[in-house]
Amino acid sequence: MKISLSQRKLKDGRISLSIEFYRGSEITEDGKRKHLRSFENLDSYLISNPKTAKEKKENKEALEFAENVLAIRKAEYAQGRFELKNTAKSKRVFLNFFAELTEEKQKQDTSNNYGNWFSTLQHLKKIVPKNMTFEEIDESFVKKVHRYFEKDALTKSELPLSQNSKYSYFNKFKAALRSAFDNGYLTINYASKIKSFEQAESQREYLIFDELQRLAKAECKYPVLKKAFLFSCLSGLRWSDINTLTWKEIRDEVDVSRVNFRQEKTDGVEYLYISKQARELLGERQDPQERVFKGLKYGMTYNTEIIRWCNRAAVPKHITFHSARHTNAVLLLENGADIYTVSKRLGHRELRTTQIYAKIVDSKMKEAAEIIPELNIEL
């Protein structure tokens with residue numbers, strides 16, 4: 001987009017000042033080049049060939065005014081606040097755009113992330129008109145979606161959404177708006193104009209060592225799922241990183257092994273040492289480009305099997321694959337690892353994220369204070 005000051009000579013001899021917005025050109029159906037430009041008339045004029053001091057002063061003031069407006073328009077456009085529409089993109093249907101983003105998440109196969117995008121899409125279908133285009137989106141619409149998630153949205157069981165669901169779903173909506181702005185479907189970044197919901201501190205379900213031991217001995221219908229889950233418990237790797245792990249990222253050194261990988265969630269490069277037992281779970285080395293956990297996939301079948309596996313192991317908890325990562329953090333802290341080391345191993349960017357696990361360990365210490373049966377004390 002080029003924004004400039006335009007001057008056009010009128011029949012009466014004056015020069016009309018306006019702001020020109022040039023968006024490039026396109027080839028029409030008959031093969032001709034069409035320039036895409038629009039103008040903002042400033043209702044300000046210059047006098048051709050000014051002779052008197054008064055005429056020269058008026059010309060100077062008119063030109064200064066026009067140049068000030070030009071500077072404002074350029075600043076507004078740079079900040080995304082000045083609405084200059086690409087008419088073709090603004091006609092795009094919003095729900096179709098959101099559905100495409102959701103499909104991209106499914107291809108990335110990052111479990112909870114795709115599930116949240118899919119759930120958000122189902123909610124948006126209830127409130128967003130089917131054929132609503134980007135040119136119809138404004139700040140009041142964004143506020144309407146916010147109110148829906150705040151007051152009206154319900155779960156499949158007809159219960160109000162949890163605070164974290166509101167936080168997650170509305171953030172997916174805002175992410176779509178940001179993507180639309182970055183890609184030219186919107187000329188205003190509406191995502192920056194409204195606050196997200198506060199995130200509630202979620203309960204992190206984890207396994208104590210005895211429960212993990214029972215799982216290790218119990219039968220799991222899918223061996224690759226069992227290996228991957230136990231590897232996550234021993235290493236702390238997320239599902240998304242385990243799912244994409246390839247043999248070229250496994251480095252076997254003289255007396256130790258480590259995983260060199262790029263985190264899917266943060267895009268940060270990590271160098272993680274793993275125990276001998278964790279390395280044994282991986283099995284024999286294969287071709288560098290092959291996935292380590294070949295055949296592992298996210299879906300209801302594997303999620304259900306984790307529940308059944310826990311039942312066979314007599315573990316009465318609602319365990320998901322992500323619980324393995326929580327288990328790793330808690331076991332490390334309970335066995336003497338300092339919080340900074342645990343934070344680095346988990347790839348946390350902020351220490352406060354890891355401190356949640358420290359609170360869990362503290363609560364276990366309090367419980368331990370009452371474990372010893374009361375004595376019959378005689379003094």
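# Exercises on charges and aromatic rings

Glu58, Glu61, Glu64 and Glu67 make up a negative surface patch. The exercises below concern a predicted model.

**Exercise 1.** Determine where Glu58 is placed and classify its exposure.

*Solution.* Begin with the secondary structure: Glu58 belongs to helix α1, which covers residues 53–78. Next, take the relative accessible area of Glu58, which is 37%. Partly exposed residues lie between the limits of 20% and 50%, so Glu58 is classed as partly exposed. A patch member must have over 30% relative accessible area and no salt bridge; the 37% of Glu58 satisfies the area condition.

**Exercise 2.** Identify the residues of the positive surface patch and describe the setting of Arg147.

*Solution.* The positive patch is built from Lys143, Lys144, Arg147 and Lys151. Of these, Arg147 is located in helix α5, residues 139–152. The relative accessible area of Arg147 is 43%, and the residue is therefore partly exposed.

**Exercise 3.** State how many salt bridges the whole structure contains, then analyse the contact between Glu135 and Lys91.

*Solution.* The search of the whole structure yields nine salt bridges. One of them joins Glu135 to Lys91, with 2.9 Å between the closest N and O atoms. This pair connects distant parts of the chain, 44 residues apart: Glu135 is in the loop between α4 (112–127) and α5, whereas Lys91 is in the loop between α2 (87–90) and α3 (94–108). For the exposure of each partner, Glu135 has a relative accessible area of 32% and is partly exposed, while Lys91, at 52%, counts as exposed. The latter assignment follows because the limit for an exposed residue is over 50%.

**Exercise 4.** Give the N to O distances for the salt bridges Glu100 with Arg92 and Glu290 with Lys294, and characterise the exposure of Glu100, Glu290 and Lys294.

*Solution.* The side chains of Glu100 and Arg92 meet at 2.8 Å. Glu100 is partly exposed, at 41% relative accessible area. For Glu290 and Lys294 the distance is 3.9 Å, which a cut-off of 4 Å admits as a salt bridge. Glu290 is partly exposed at 25%, and Lys294 is exposed at 59%.

**Exercise 5.** Name the residues that Asp252 joins in a network of salt bridges.

*Solution.* The network links Asp252 with Arg279 and Arg285.

**Exercise 6.** Count the aromatic pairs, and classify the geometry of Phe94 with Phe173 and of Phe149 with Tyr169.

*Solution.* The count comes to 19 aromatic pairs. In the pair of Phe94 and Phe173, the ring centres are 6.0 Å apart and the planes make an angle of 80°, an edge-to-face arrangement. The two residues are 79 residues apart and link distant parts of the chain, Phe94 in helix α3 and Phe173 in helix α6 (residues 163–182). Phe94 is buried at 0% relative accessibility, and Phe173 is likewise buried at 0%.

The rings of Phe149 and Tyr169 have a centre-to-centre distance of 6.3 Å and an angle of 55° between their planes, which makes the pair tilted. Because Phe149 is in helix α5 and Tyr169 in helix α6, their contact ties together parts 20 residues apart in sequence. Phe149 is buried, with a relative accessible area of 0%. Tyr169, at 11%, is also buried, since the limit for a buried residue is under 20%.

Key
Residues are numbered from 1 along each chain as its sequence is written. This is a predicted model: local features need pLDDT of at least 70, side-chain atom pairs count only at pLDDT 80 or more; totals for chains, interfaces and linings use all residues. Side-chain values use heavy atoms; hydrogens and water are left out. Patches are made of residues with over 30% relative accessible area and no salt bridge: like charges are joined within 9 Å, nonpolar side chains (Val, Leu, Ile, Met, Phe, Trp, Tyr) within 5 Å. Accessible areas come from the Shrake-Rupley method with a 1.4 Å probe; for residues, only the protein chains shown count as cover. Lys and Arg count as positive and Asp and Glu as negative; His and the chain ends are not counted. The place of a charge is taken as NZ of Lys, CZ of Arg, CG of Asp or CD of Glu. Helices (H or I, at least four residues) and strands (E, at least two) are DSSP runs, numbered from the N terminus. Buried means under 20% relative accessible area, exposed over 50%, partly exposed in between (1.4 Å probe, protein chains only). Rings of Phe, Tyr and Trp (its six-membered ring) pair if their centres lie within 6.5 Å; planes under 30 degrees apart count as stacked, over 60 as edge-to-face and the rest as tilted.
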